[in-house]
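Here is a friendly walk through one model, topic by topic. Keep the structure open beside you as you read.

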Amino acid sequence: MEAYTDFAAVYDTFMDETPYEVWGTFVAGLIDKYGISKPVSGPASQGKELSEEAYDTAEDSEQALDEEKNLVVELGCGTGSFTQVMKNLGYDIMGIDMSPEMLNLARQKSADAGLDIMYLEQDMRELDLYCTAGTIVSVCDSVNYVLEDEEIIETFRLVNNFLYPGGVFIFDFNTLFKYRDVIGDTTIAENRDDCSFIWDNYYDDDSHINEYDLTIFAKVDSEKELFARSVETHYQRGYTLDEMKGFVEAAGLSFVTAIDADTHEDPTDDSERIYIVAREQGK
């Protein structure tokens with residue numbers, strides 16, 4: 001079974017304590033420090049929001065280039081929670097994910113919030129944009145779903161290809177240490193009124209791949225207290241910082257910095273999640 005199908009419906013329930021607002025403020029700070037994109041709405045706005053029609057009708061090519069420079073693209077956007085945070089911070093942002101179930105929820109949430117956000121159904125390994133973007137971001141360990149060296153290098157190569165000159169790629173990843181020493185071969189369970197899950201982890205030290213089997217129980221009939229059971233299997237690979245730096249450089253990007261996601265200091269051997277900032281280099 002593909003990942004994020006039945007789990008999509010309960011994903012936000014079990015992620016309700018995820019600090020998306022904190023992540024958004026931090027990533028916005030990284031964009032401000034290292035990037036070229038600026039907010040396009042709100043008190044800090046510069047320029048106008050992006051629209052596909054602008055590329056067909058705009059006579060002012062400089063304005064069109066500014067719009068590309070200020071565009072932010074999120075890879076692995078899921079149900080769009082982080083995407084909405086960045087939108088509310090004033091960024092013109094587009095969300096990309098390969099799960100139609102997650103994207104349906106993202107679109108509905110954005111519509112309910114009155115936010116105009118474009119979402120595209122794409123595999124990040126086959127990224128294909130209609131323009132360049134000043135910033136490409138990926139959070140919540142989406143990159144760890146790419147399991148092969150060649151695939152992650154190709155993903156980063158495509159990112160470099162679609163970045164505006166001088167643009168930045170900001171992404172986080174779970175480390176090998178986290179899968180091997182923290183969550184590997186453990187079981188996590190959580191029970192809510194309307195849904196529950198059991199998360200069984202199986203870590204393989206040879207491949208560095210963490211398999212986790214999700215068993216989900218979601219209420220389908222409140223009166224009869226009936227629950228539907230479904231199972232999904234997810235695979236993620238743990239990476240070291242040196243491996244990620246090598247992939248970044250092999251893809252043609254320039255490594256800028258790495259930051260521990262929890263301490264916001266330099267990464268250590270015990271870092272569980274790390275942010276990397278990389279810059280576009282000549283295509």
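**A hairpin, a helix and some rings**

In the antiparallel pairing of β6 with β7, N191 stands opposite S196 in β7. This is a predicted model, in which local features need pLDDT of at least 70, side-chain atom pairs count only at pLDDT 80 or more, and totals for chains, interfaces and linings use all residues. Residues are numbered from 1 along each chain as its sequence is written, and side-chain values use heavy atoms, with hydrogens and water left out. Helices (H or I, at least four residues) and strands (E, at least two) are DSSP runs, numbered from the N terminus.

**The β6–β7 hairpin**

- β6 and strand β7 (residues 195–204) pair in the antiparallel sense over five bridges; two strands pair if DSSP finds at least two bridges between them.
- Three residues make up the hairpin connection from β6 to β7.
- β6 is hardly covered, with zero buried residues among its five. Buried means under 20% relative accessible area, exposed over 50%, and partly exposed in between (1.4 Å probe, protein chains only).

**Two residues with positive phi**

- Most residues other than glycine have a negative phi.
- D185 is not a glycine, yet its phi is positive at about 55 degrees. D185 belongs to the loop between α8 (176–183) and β6 (187–191), and at 53% relative accessibility it counts as exposed.
- H264, also a residue other than glycine, has a positive phi near 60 degrees. You will find H264 in the loop between β10 (254–260) and β11 (273–279), where it is partly exposed, with a relative accessible area of 39%.

**Helix α7 and its surroundings**

- Helix α7 (residues 149–162) has 14 residues, which should span 20 Å at 1.5 Å a residue; its end C-alpha atoms are 20 Å apart, which agrees. The expected span is 1.5 Å times one less than the number of residues.
- The buried residues of α7 are I152, T155, F156, L158, V159, N160 and F162.
- Their cover includes β1 (71–75), β4 (133–138), β5 (163–174), α9 (241–250) and β11.

**T175, a buried loop residue**

- T175 sits in the loop between β5 and α8 and is buried, with a relative accessible area of 5%.
- The T175 side chain reaches the backbone oxygen of S271 at 2.7 Å.
- Apart from neighbours within four places in sequence, T175 is in contact (heavy atoms within 4.5 Å) with G238, Y239, S271, E272, R273 and I274.

**Aromatic rings**

- The structure holds ten aromatic pairs. Rings of Phe, Tyr and Trp (its six-membered ring) pair if their centres lie within 6.5 Å; planes under 30 degrees apart count as stacked, over 60 as edge-to-face and the rest as tilted.
- The rings of Y20 and W23 have centres 5.6 Å apart and planes at 80 degrees, so this pair is edge-to-face. Y20 and W23 are three residues apart in helix α2 (residues 20–34), which means about one helical turn separates them. Both Y20 and W23 are buried.
- F156 and F171 form a tilted pair, because their ring centres are 5.1 Å apart and their planes lie at 45 degrees. F156 lies in helix α7 and F171 in strand β5, so the pair ties together parts 15 residues apart in sequence. F156 is buried at 1% relative accessibility, and F171 is buried at 0%.
- Ring pairs also link F14, F197, W199 and Y212 into a cluster.

Note on methods:
A polar contact is a pair of N or O atoms within 3.5 Å; within protein, one must be able to donate a hydrogen and the other to accept it, and residues adjacent in sequence count only if both atoms are side-chain atoms.
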